[in-house]
Amino acid sequence: MNSSQAAPAPHAPAPRRLRAALKWLHLWLGLTLGTAFALVALSGTVLAFQRELALWAYPQLQRDADIAPQQRARALERIVAHWQAQGMTSLDLPSPQFPVWQGYFPNNERRYFDPASGELLLTRNTGNDLILWLRDWHTHLLAGKSGEQVLGAVGIAAVFLLLSGLYLWWPRWSALAASLKWYRGPPTRRWFSWHRGLGLWLLPLTLLAAITGTAMVYDEIARSALRAAFSEAEPAKPPKLAARADAPIDWAATLRAADAAVAADGPIPGAQLRRIGLPKKDSGLVTIRARAVDEWHPVGRSMIWIDPWRGALLGARDATRQGPGARAYEAMYPLHGGFVGGRAWQLLIALTGLAPPLLLVTGFLFWRRRRGR
């Protein structure tokens, strides 16, 4: 062998190759799927205040939710009699937080009714209401189930971007202080330090939002995984109706049965009735969701099952008595949406929605300056 010939360059160590591959993936996923993640997150900042914005935009919804049980029953009977045939599937009861009946219809349409009389006050859908349009974008990318699956892929990419960014940032202990500095210039260093600093300081909240949002897209997988992790059995199925009656539903008796379920001596004492699921053809049951004491979910995940023709309580499930795996899954939506922890957590969630757009912009500016150089 001629000694004057140069020896071949040694292969780069495996950690260096991994780092280079992660940098490439972090860059191009950030510039592509990261853009969708940023836009979805930005809509989340607005949706953190969706209830307050609806009451502000539509003053006719600001009513007195403190009504007598007889008024409540008459209003419910009037609403169901007219609107169930037009596609209404469920109905939120008036509450101090949102003091009107809220009916749910196909194609993301909602109707709002006076708490005492049941009179129609407002119709909202994605075509006439910006907040509902943003909600449809945030949960389905405006494309139904197909969009929801794409959103799941965006969520997985977002989790990868955040964790790979942490790996790429992780400094030697001797360089920790320097890696935390924010620089004003030159531009390449400025955008890199801002991108790194924003990603680091907002990482816990951004990662929580990305993980919980992705888990809700793949809800069955997430539920099963958490139950399996804690060796929990599947929840009991709803009871079956013995027989239907050939008569109109007695809504006053149905509500009395629901009130008994949340009374002091009931199976879910102190719970608040939140959402009435209207009877379906295959079951005939009325399913009422309730928010138990200490439950985080704004609508509640506790269940009450009622025979609507006889006004009989058939069963109930207190969500706070589930195993830790099931409770962990039920906590994801209130954590993700800012519905627990008062105004402070709501503001933090709104701030978190600004992090991905800022990361996208600073990362793009850094890439453009370095590419130009």
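# Strands, cores and contacts

Tutor: Start with two strands, β2 and β3. They run antiparallel, joined by five bridges. This is a predicted model: local features need pLDDT of at least 70, side-chain atom pairs need pLDDT 80 or more, and totals for chains, interfaces and linings use all residues. Residues are numbered from 1 along each chain as its sequence is written, and side-chain values use heavy atoms, with hydrogens and water left out.

Student: What makes β2 and β3 a pair?

Tutor: Two strands pair if DSSP finds at least two bridges between them. β2 and β3 have five, so they pair. One bridge sets F105 against E109 in β3. Three residues lie between the strands of this hairpin, and N107 takes a positive phi near 60°.

Student: What makes β3 and β4 (residues 120-124) a pair?

Tutor: The bridge count again. Four bridges join β3 and β4 in the antiparallel sense. Y112 stands opposite L122 in β4. This hairpin has six residues between its strands, and G118 takes a positive phi near 80°.

Student: How do you know where a strand such as β3 begins and ends?

Tutor: Strands are DSSP runs of E, at least two residues; helices are runs of H or I, at least four; both are numbered from the N terminus. Strand β3 covers residues 109-113.

Student: Why is β3 called largely enclosed?

Tutor: Buried means under 20% relative accessible area, exposed means over 50%, and partly exposed is in between (1.4 Å probe, protein chains only). Five of the five β3 residues are buried, so the rest of the structure largely encloses the strand. E109, R111 and F113 point one way, R110 and Y112 the other. In a regular strand, side chains alternate between the two faces of the sheet.

Student: What makes a group of residues a nonpolar core?

Tutor: Its members are buried Ala, Val, Leu, Ile, Met, Phe, Trp, Tyr and Cys residues, joined through side-chain atoms within 4.5 Å. The largest core has 35 residues, and W101, I276 and I304 touch the most other members. Elements giving two or more residues include α4 (69-83), β2 (101-105) and α11 (251-261). α4 gives the largest share, six residues. A second, separate core has nine residues, among them Y58, F98, Y112 and L121. In soluble globular proteins, nonpolar side chains tend to be buried together.

Student: Why is L348 called partly exposed?

Tutor: L348 has 34% relative accessibility, so it counts as partly exposed. L348 is in helix α14 (residues 342-352). L42, L348, L351, L354 and L358 form a nonpolar surface patch with about 380 Å² of accessible area together.

Student: What makes those leucines, L348 among them, a patch?

Tutor: Patch members have over 30% relative accessible area and no salt bridge; nonpolar side chains (Val, Leu, Ile, Met, Phe, Trp, Tyr) are joined within 5 Å, like charges within 9 Å. The areas come from the Shrake-Rupley method with a 1.4 Å probe; for residues, only the protein chains shown count as cover.

Student: How many aromatic pairs are there, and why are W28 and W367 one of them?

Tutor: There are nine. Rings of Phe, Tyr and Trp (its six-membered ring) pair if their centres lie within 6.5 Å; planes under 30 degrees apart are stacked, over 60 edge-to-face, the rest tilted. W28 and W367 are 5.9 Å centre to centre with 75° between the planes, so they form an edge-to-face pair. W28 is in α1 (residues 14-31), W367 in α15 (residues 355-372), 339 residues apart. W28 is partly exposed at 37%, whereas W367 is buried at 19%.

Student: What kind of pair do Y333 and F339 make?

Tutor: Their planes are 35° apart and their centres 5.2 Å, so the pair counts as tilted. Y333 is partly exposed at 24%, and F339 is partly exposed at 23%.

Student: How do you know that R72 and D259 form a salt bridge?

Tutor: A salt bridge needs a side-chain nitrogen of Lys or Arg within 4 Å of a carboxyl oxygen of Asp or Glu. R72 and D259 meet at 2.6 Å, N to O, so they qualify. They link helix α4 to helix α11, 187 residues apart. R72 is buried at 15%; D259 is partly exposed at 29%.

Student: What makes D318 and R321 a salt bridge?

Tutor: Their N to O distance is 3.5 Å, so this pair also meets the limit. D318 is buried at 12%, but R321 is exposed at 63%. Elsewhere, salt bridges that share partners join R223, R301 and E330 into one network.
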